[in-house]
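Good morning, and thank you for the time. I would like to walk through one structure, beginning with a single residue and moving outward to the packing around it.

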Amino acid sequence: MEAPPDNDVLWARSLHFTHGDGSPALSGVSLGVREGEILAVSGPRGSGKTTLLRCLSGLVPAQRGEVWFNSVPVHTMGTTTRERLRRDHFGWIDPAPALVLELNIWENAALPLMLRGTGRRRAKAAAMEWLERLDIGDTARKRPHELVQAERQRACIARALAPAPSVLFADEPTAPLHRADRTHVLRTLTTAARSHGITVVLATDDADTAALADRTVSLLDGRCVNTVHLPPVAETEGRAACSLSV
């Protein structure tokens, strides 16, 4: 079992995944993601973007292939160890906002920190910082049902950023937002990621969203079809960032 390159925080080799109905989702996807990089995974609906993020994050194990995080093999971990990895090192943003209805907005945003054992005061301060940066600080004491969908999605983004994860997986994070809001939210997310050294893997079918990333990997029918650097990154020359294998 070959260890991944030292400068890759995430590394995957020949990932295969088939849905329960027998349709293939991933067919031999290999890629590496550098620490602090913002990587956009693009492609049409059904191309395998969400499945790739779920396998990279350990949310579901690939049926074949390898996933490594900081040179530690995720693909050999048991369910409990993968859950701990996601809790302590990863953040996740879904396309649709999902909040705990019984908690107010700052409590929702602080929840991952409190689950890690962070004190309530520190967790609230971190949550409030991100709610303010995402222009919804005034909703902090409201319940999720009092917010419109776009505000709830911003709260979910704040919740993902508040613990300062090593890797943030964002699956169409601005899908519920109006186009006028998307640029501001995405720029906040990408600026925060760069300033805090957070690696971002972003699934999107929107060209404007992908343009904010350092690099774009395109999927089609569960396979990588090309890699585009935005802008070109000299350090990756000579390293296969995305390849095909069957």
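I begin with S30, which is found in strand β2, residues 24-34. Please keep in mind that the model is predicted.

Is S30 buried or exposed? Its relative accessible area is 10%, and the cut-off for a buried residue is under 20%, so S30 counts as buried. The side chain of S30 has a polar partner: the backbone nitrogen of S14, reached at 2.7 Å.

I turn next to the nonpolar interior. The largest nonpolar core has 38 residues, and the members that touch the most other members are I93, L131, I157, L168 and V200. Which elements give two or more residues to this core? They are the strands β3 (38-42), β7 (167-171) and β8 (199-204), together with the helices α3, α4, α5 and α6 (179-196). Helix α5 gives the most, with seven residues.

V200 may serve as an example. Leaving aside residues up to four places away in sequence, V200 touches E37, I38, L39, L168, L189 and A193. There is also a second, separate core, made up of 30 residues, and among them are A25, V33, V41 and L53.

Helix α3, one of the contributors to the largest core, deserves a closer description. The helix spans residues 105-115, and its buried residues are I105, W106, E107, N108, A109, A110 and L113. Against what do these buried residues pack? Their partners are α4, residues 120-133, and α5, residues 149-161.

Both ends of α3 can be described. At the N-terminal end, N104 acts as a cap, with a side-chain oxygen 3.3 Å from the backbone nitrogen of W106. After the helix comes G117, with a positive phi near 105°.

My last topic is the aromatic residues. How many aromatic pairs does a search of the whole structure find? The search returns three. One of them joins F69 and F90 in an edge-to-face arrangement, with 5.0 Å from centre to centre and 85° between the planes. This pair links distant parts of the chain, since F69 belongs to strand β4 (residues 64-69) and F90 to strand β6 (residues 90-93), 21 residues apart. Both F69 and F90 are buried. Taken together, ring pairs connect F69, F90, W92 and F169 into a cluster.

That concludes the presentation, and I welcome discussion.

Methods:
Residues numbered from 1 in each chain as written. Predicted model: local features only at pLDDT ≥ 70, side-chain atom pairs only at ≥ 80, totals over all residues. Heavy atoms only, no water. Buried < 20%, exposed > 50% of the residue type's maximum accessible area, 1.4 Å probe, protein only. Helix = DSSP H or I, 4+ residues; strand = E, 2+ residues; numbered from the N terminus. Contact = heavy atoms within 4.5 Å. Polar contact = N/O pair within 3.5 Å; in protein donor to acceptor, adjacent residues only side chain to side chain. Core = buried A, V, L, I, M, F, W, Y, C linked by side-chain atoms within 4.5 Å. Phe/Tyr/Trp six-rings, centres within 6.5 Å; stacked < 30°, edge-to-face > 60°.
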